[in-house]
Amino acid sequence: MSESSIHDIDAYMSDLGVRARAAARALARATTAEKNRALLAIAARLDAARDQLAAANRRDLEAGAAKGLDAALLDRLELTPARIDAMIEGLRQIAALPDPVGAISDLDYRPSGIQVGRMRVPLGVVGIIYESRPNVTADAAALCLKSGNATVLRGGSEAFASNQAIAGCIHAGLEEAGLPADAVQVIATTDRAAVGAMITMPESIDVIIPRGGRGLIERISREARVPVIKHLDGICHVYIDAHADLDKAFAIALNAKTQRYGTCNTMETLLVDAAVAGQILPRLGAAFAEHGVELRGCARTREQLPAALPASETDWDTEYLAPILSIRVVDGLDAAMDHIARHSSAHTESIVTEDYARARRFLREVDSSSVMVNASTRFADGFEYGLGAEIGISTDKFHARGPVGLEGLTSLKFVVLGDGQVRG
């Protein structure tokens, strides 16, 4: 269906929901082999359609530049050859992962003679609302497919042509494998009313996963009549402890900020113990300057880095998604953890230290979805965690937390095995 042919959004979304629910029942019956065949067929279709994908993405990039999208958003939007490679590799990796659906755990006999266990089952229909990154279309479709869920995808209007091109490859791969094309539906309109309809369709959609800016996620959390798995921001911290190996600290802090700016696991605030600030900050300041990173610091930071701008209270609560970094000098581990408790978005935090006891305290006491020791926050990613790909990173505590992969897209139901037992 073309966008121009959609006149009644409510009718279009209702029909889409009915078809998604029917496809979910078909997927719940699909074997692992059938799902894997579809994933590999989609990967092959994407590989064969590189020129078409690039052409569609160019249209989106040109339109985005004309609308004045900033560099960070254009970076998130771009489908480079390497990102197409990553989409294809993600599909193949997901095909190689164990299928969680149908696995029975904790099966045990009860005094009555029955056996009680829990079986992993699909959620049903997963609705995903996301902005900018068109690779999410393939990642989300693949994870939902392998976990036995139908999915309804609503990408940002800035990636419309790219998402529709990817959707064509997905539908062709599903049909080649004998599975319903309706198992993955990419909404074919940029009308924002489609989002309003999507988040108020509990009869058709079982869970909503939003990926985007704070405004989008706050709106969905406020208005949704469907359960939501979400994260608001990625305000990630690296803390350089007094007992850090400063060469490790330099490499980790530089990578956490500059490896890529527009991602939710990029470091936005650097915390440095006062005992080592004079040794590490001038070195880091020079390196960040070479990368064009604007530094905003507390008064003690600016003693070491006079070129840094004064940091405001707002800076500690800002996800920049840009070459800007806040830096605070702190008096030890407790002060660092206090800062994180006040300002973190509960996404990812890392400590650089050679002190085992301090590392253990940081792991235990910092309440974020990923907590690291001597590693860049950029590793907080489903691909890097061995999940193959991710739907998103949840900073909720229920139903999933951290990178949401296959298991996060399933639920558990109790199963009971008997041999004629009746309750007395």
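Which strands does helix H10 lie across, and at about what angle does it run to E8? Keep that in mind as you load this predicted model, and select residues 246–258 to start.

**Stop 1: the helices over the open sheet**

With H10 selected, add strand E7 (236–240), strand E8 (267–273), strand E11 (324–330) and E12: these are the strands H10 lies across, and its direction is at about 160 degrees to E8. Now pick residues 274–290, which is helix H11. H11 lies across E7, E8, strand E9 (294–297) and E11, and makes an angle of about 145 degrees with E8.

Next, show the sheet itself. It is open, has 7 strands with parallel pairing, and reads E10-E9-E11-E8-E7-E12-E13. At its edges you'll find strand E10 (309–310) and strand E13 (370–373), each with pairing on one side only. Zoom in on the E13 end: strand E12 (residues 348–352) pairs with E13 in parallel over 4 bridges. Click Glu349 and look across to Val371, its bridge partner in E13.

**Stop 2: strand E4 and its neighbours**

Jump to residues 150–154. This is E4, and 5 of its 5 residues are buried. Turn on side chains: Ala150, Val152 and Arg154 point one way, Thr151 and Leu153 the other, and every one of them is buried, Arg154 included. In a regular strand, side chains alternate between the two faces of the sheet.

Now bring in the flanking strands. Strand E3 (residues 125–130) runs parallel to E4, paired over 5 bridges, and Val126 sits opposite Thr151 of E4. Add helix H6 (residues 135–146) and you have a right-handed β-α-β unit made of E3, H6 and E4.

Strand E5 (residues 184–186) also pairs with E4 in the parallel sense, over 3 bridges; here Val152 has Gln185 of E5 as its bridge partner. To follow the chain from E4 to E5, trace helix H7 (residues 160–176), which completes another right-handed β-α-β crossover.

**Stop 3: the cores**

Which residues touch the most other members of the largest nonpolar core? Select Met13, Leu46, Ile128, Leu174 and Ile391; the core has 71 residues. Centre on Ile128 and show its contacts: leaving aside residues up to four places away in sequence, Ile128 touches Ala140, Cys144, Thr151, Val152, Leu153, Arg154, Met198, Ile209 and Ile391.

Last selection: Leu246, Ile280, Phe288 and Leu305. They are among the 31 residues of another core, which lies apart from the largest one. Nonpolar side chains tend to be buried together in soluble globular proteins.

How values were computed: Residues are numbered from 1 along each chain as its sequence is written. This is a predicted model: local features need pLDDT of at least 70, side-chain atom pairs count only at pLDDT 80 or more; totals for chains, interfaces and linings use all residues. Side-chain values use heavy atoms; hydrogens and water are left out. Buried means under 20% relative accessible area, exposed over 50%, partly exposed in between (1.4 Å probe, protein chains only). Helices (H or I, at least four residues) and strands (E, at least two) are DSSP runs, numbered from the N terminus. Two strands pair if DSSP finds at least two bridges between them. A crossover is right-handed if, with the strands pointing away from the viewer, the path from the first strand over the helix to the second runs clockwise. A nonpolar core is a set of buried Ala, Val, Leu, Ile, Met, Phe, Trp, Tyr and Cys residues joined through side-chain atoms within 4.5 Å. Contact means heavy atoms within 4.5 Å. Axes are lines fitted to C-alpha atoms, for helices over the stretch in contact, and angles run from 0 to 180 degrees between N-to-C directions.
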